[in-house]
Amino acid sequence: MKKGLYRLEEYYKHQATESEKEVLRFMIHHPQETISIDIHTLAKTCFCSAATIVRICKKNGFSGFKELKVALGNDINFSKQLRQVNLEARSGKRIPDLVAQVLNANIAAIENIYNLLDFEELERIVGLLLESRFVYLYGIGASYLVAKDFQQKFERVNKRTFLYEDTHMQLMSATNLEPGDVAIIISYSGQTREILEVASNVKLCGGIAIAITKYGRNRLAAMSDHILYVPTIEKPLRIAASSSRVSQLSIVDIVYNTYVSMEKEKAMARIVSTNKLLEKETEEEV
């Protein structure tokens, strides 16, 4: 179940041509009206061709205007399910302002994950994880920490994972995959040179590349078989990965919980088993 507003907003800000912007503005500001009219009425209203609207749909991952209207309907129907939080800091207080800025960025990131998430794609990815014997994980810098969280979670339910901190080891690992092996490749920018080499090696080996990356055009997304998008919030020049890391960790949580729900009793039995083991180790330390 795709949703459309965030995709259209990002496309409008970063990729849209002048001939596309008028109809994009209409769809973004009047989603309810958009889903109630046909493509020719919309084209006439916005002084563009039906072909322009179809092109916008396809560039944003939709098969056509009909699927985009369904996605906009999903936005309208589900927006009330999210808790809307607005943190305001008092003027003149530098630290409260910074705290509010950071927390608002993280809240916006999580909300927009919901707006971007393609539920059918999520189900396909979890299905691949269920079928695979091993999962190969790749990430550099802050994305490595996200991959480590993925590994910690999935090892608890007896899903064998491989993750190397050393970049050269990651490259070698990607070179030795077997056809059909599943690789989770994490990169916010989707442009990191070493990660692109990893993705290229995975594809050359016949592996299945699943990317966790920011929404929009980037090379990692173009190279991958499946994609879970995170919002484009942080600027290219950033102090450190912050809301992007929160977004990526949230995606890991979503994938893991979906996996556990599909494994049901088997996964829960393993979680209980690992919990007992950890509790026993804690008692021995005391």
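Colleague: Which residues have the most contacts inside the largest nonpolar core?

Modeller: In this predicted model, they are Leu129, Phe150, Phe154, Ile184, Ile251 and Val255. That core has 31 residues.

Colleague: Which elements give two or more residues to this core?

Modeller: Helices H8 (119-131), H9 (142-155) and H13 (243-263) do, along with strands E1 (134-139), E3 (182-186), E4 (208-214) and E5 (226-230). H13 gives the most, with six residues.

Colleague: And Leu129, what is it in contact with, leaving aside neighbours within four places in sequence?

Modeller: Val135, Phe150, Phe154, Lys159, Val182, Ile184, Val255 and Tyr259.

Colleague: What does the second core include?

Modeller: That one is separate and has 23 residues, among them Leu24, Leu42, Ile53 and Phe65. Over the protein, 47% of the 286 residues count as buried.

Colleague: Changing topic. Which residues make the nonpolar surface patch?

Modeller: Ile95, Val99, Val102 and Leu103 make a patch of about 350 Å². Leu103 sits in helix H7, residues 94-116.

Colleague: Why can Leu103 be counted in a patch rather than as buried?

Modeller: Because its relative accessible area is 38%, Leu103 is partly exposed; patch residues need over 30%, and buried means under 20%.

Colleague: Where does pLDDT stay under 50?

Modeller: Over residues 80-87, for which the model has 14 contacts beyond four places in sequence. Where pLDDT is low, the predicted coordinates should not be read in detail.

Colleague: And what is the mean for the protein?

Modeller: The mean pLDDT is 86, with 83% of residues at 70 or more.

Definitions and conventions
Residues are numbered from 1 along each chain as its sequence is written. This is a predicted model: local features need pLDDT of at least 70, side-chain atom pairs count only at pLDDT 80 or more; totals for chains, interfaces and linings use all residues. Side-chain values use heavy atoms; hydrogens and water are left out. pLDDT is the predictor's confidence in each residue, from 0 to 100. Contact means heavy atoms within 4.5 Å. Patches are made of residues with over 30% relative accessible area and no salt bridge: like charges are joined within 9 Å, nonpolar side chains (Val, Leu, Ile, Met, Phe, Trp, Tyr) within 5 Å. Accessible areas come from the Shrake-Rupley method with a 1.4 Å probe; for residues, only the protein chains shown count as cover. A salt bridge is a side-chain nitrogen of Lys or Arg within 4 Å of a carboxyl oxygen of Asp or Glu. Helices (H or I, at least four residues) and strands (E, at least two) are DSSP runs, numbered from the N terminus. Buried means under 20% relative accessible area, exposed over 50%, partly exposed in between (1.4 Å probe, protein chains only). A nonpolar core is a set of buried Ala, Val, Leu, Ile, Met, Phe, Trp, Tyr and Cys residues joined through side-chain atoms within 4.5 Å.
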